[in-house]
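Let's take a walk through this structure together, one region at a time. Have the sequence and the 3D view ready.

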Amino acid sequence: MLSLHKTVRKYFGEAIVVTQEVDDIISSPVVKESIINNSDCKILLDQRKYMNKFDQIQALLGLTEKEKSQILSINMANNPSRLYKEVWIGLGGTQSAVYATEVSAEEYLAYTTEETEKVEVYRLAEQLGGDIEAAIRQLAERRRNKQ
């Protein structure tokens, strides 16, 4: 793993590791060293569920106090009239910021995991002869017209 990361960087590439659980990375000393020490770009989503143990994550990732506060601010004050989530991106310890990632209403409805929204899409699709795409288009248009 360590050799892979070093080789990729040597050729100006970037190995990407994605996980939902930080413990997946830190449970193995070899993996931890190869991934953390060779990662110039770090991308973190909402970390509220780790708020009580974020000091440990901060130390592990080598984050500054400013970066910690940026990360813990993710999705804390989102505008309720917009469909977006926030993401923190840190580049080589020199630049970092929180960015909003916003998709169209159609994309949101296609991928939402909110049960009530999924039910709404499926009910309308059923009325439209099973056409989920048409249901998504109609619901998205209704949402835009509400605003």
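A good place to start is helix H8, which covers residues 132-146. At 1.5 Å a residue, its 15 residues should span 21 Å, and because the end C-alpha atoms are indeed 21 Å apart, the expected span and the model agree. Keep in mind as you look that this model is predicted.

Stay with H8 for a moment and look at its start. Asp131 caps the N-terminal end of the helix, with a side-chain oxygen 3.2 Å from the backbone nitrogen of Glu133. Further along, which residues of H8 are buried? They are Ala134, Ala135, Ile136, Leu139 and Ala140. An α-helix has 3.6 residues a turn, so residues three or four places apart point the same way. The partners of the buried residues in H8 are two other helices: they pack against helix H6 (105-111) and helix H7 (115-127).

Now turn to the sheet. Three strands form an open sheet in the order E1-E2-E3, and their pairing is antiparallel. Strand E1 (41-44) and strand E3 (95-102) are the edge strands, each pairing on one side only. On average, neighbouring strands of this sheet are turned by 25 degrees against each other, with direction ignored.

Let's zoom in on one pair. Strand E2 takes in residues 84-91, and E1 joins it in the antiparallel sense over four bridges. Here you can find Ile43 standing opposite Ile89 of E2. Which helix packs on the sheet? Helix H5 (residues 65-72) does, touching E1, E2 and E3, and its direction makes about 10 degrees with that of E3.

Note on methods: Residues are numbered from 1 along each chain as its sequence is written. This is a predicted model: local features need pLDDT of at least 70, side-chain atom pairs count only at pLDDT 80 or more; totals for chains, interfaces and linings use all residues. Side-chain values use heavy atoms; hydrogens and water are left out. Two strands pair if DSSP finds at least two bridges between them. Axes are lines fitted to C-alpha atoms, for helices over the stretch in contact, and angles run from 0 to 180 degrees between N-to-C directions. Contact means heavy atoms within 4.5 Å. The expected span of a helix is 1.5 Å times one less than its number of residues. Buried means under 20% relative accessible area, exposed over 50%, partly exposed in between (1.4 Å probe, protein chains only). A polar contact is a pair of N or O atoms within 3.5 Å; within protein, one must be able to donate a hydrogen and the other to accept it, and residues adjacent in sequence count only if both atoms are side-chain atoms.
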